[in-house]
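Here are a few notes to help you find your way around this one. Have a look at the sequence and the structure first, then read on.

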Amino acid sequence: MSHPERPPPSQGLLARGLKLLGHLTHPDTRTGKVFTRAEQGLTRAAVRLTESPSYLRVSGSLMRQGFNARVRRNGLVEGALRTLRLPTTSEVETLRDQLRRMNDQVEALGTQLELVVDLLHRQEGAEPESPEPTPKERAPSKRRR
């Protein structure tokens, strides 16, 4: 079966929108030139603003107030949780860190035990049915505490 010539698929809304945006902001079009000038002007204004000591002072003060409000809010929430005898976020974080450290220690201990088992298997293979060593023949123990 032959298919008649199909028209190309229509562009989606997003593709048409992006194409229009590209046309409007292209430096060769009238709107693109206006956009470029506006962008450069806004960039210069933003640079002057961010270098202004008064702007930096005001923005720093606002940020400090926001951070202090967050600290106060977290303190109130933790106080309420303690009153209800529920674990606080900081207590959960502390427990999580302790569990992580304990997990690392258990993994290290498991690795050490595997090495000891390997060494014991090697010794059993090298010494076919030798009697128990006497106390004089035993090597001194090098245990760490």
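The points below go from the whole chain down to a few residues.

1. First, a word on what you're looking at: this is a predicted model. The chain has 145 residues, and just 4% of them are buried. Its accessible surface adds up to about 14,200 Å², and carbon and sulfur atoms account for 60% of that.

2. What about secondary structure? You'll find four helices and zero strands. Read from the N terminus, the order of elements is simply α-α-α-α.

3. Now take H1 (residues 13-25) and its partner H2 (residues 30-50). In general, a packed pair of helices is described by the distance between the axes and the angle between them. Here the axes come within 5 Å and cross at roughly 70°. H1 is therefore roughly perpendicular to H2, since angles from 65 to 115 degrees count as such.

4. Which residues make the contact between H1 and H2? On the H1 side, look for His23, Leu24 and Thr25. On the H2 side, they meet Thr31, Gly32 and Phe35.

5. Back to H1, which also holds Leu14. Is Leu14 buried or exposed? Its relative accessible area is 64%, and exposed means over 50%, so Leu14 counts as exposed.

6. Leu14 also has company: together with Leu18 and Leu21 it forms a nonpolar patch on the surface. The three leucines share about 330 Å² of accessible area.

Notes
Residues are numbered from 1 along each chain as its sequence is written. This is a predicted model: local features need pLDDT of at least 70, side-chain atom pairs count only at pLDDT 80 or more; totals for chains, interfaces and linings use all residues. Side-chain values use heavy atoms; hydrogens and water are left out. Patches are made of residues with over 30% relative accessible area and no salt bridge: like charges are joined within 9 Å, nonpolar side chains (Val, Leu, Ile, Met, Phe, Trp, Tyr) within 5 Å. Accessible areas come from the Shrake-Rupley method with a 1.4 Å probe; for residues, only the protein chains shown count as cover. A salt bridge is a side-chain nitrogen of Lys or Arg within 4 Å of a carboxyl oxygen of Asp or Glu. Helices (H or I, at least four residues) and strands (E, at least two) are DSSP runs, numbered from the N terminus. Buried means under 20% relative accessible area, exposed over 50%, partly exposed in between (1.4 Å probe, protein chains only). Axes are lines fitted to C-alpha atoms, for helices over the stretch in contact, and angles run from 0 to 180 degrees between N-to-C directions. Angles under 35 degrees count as roughly parallel, over 145 as roughly antiparallel, 65 to 115 as roughly perpendicular and the rest as oblique. Contact means heavy atoms within 4.5 Å.
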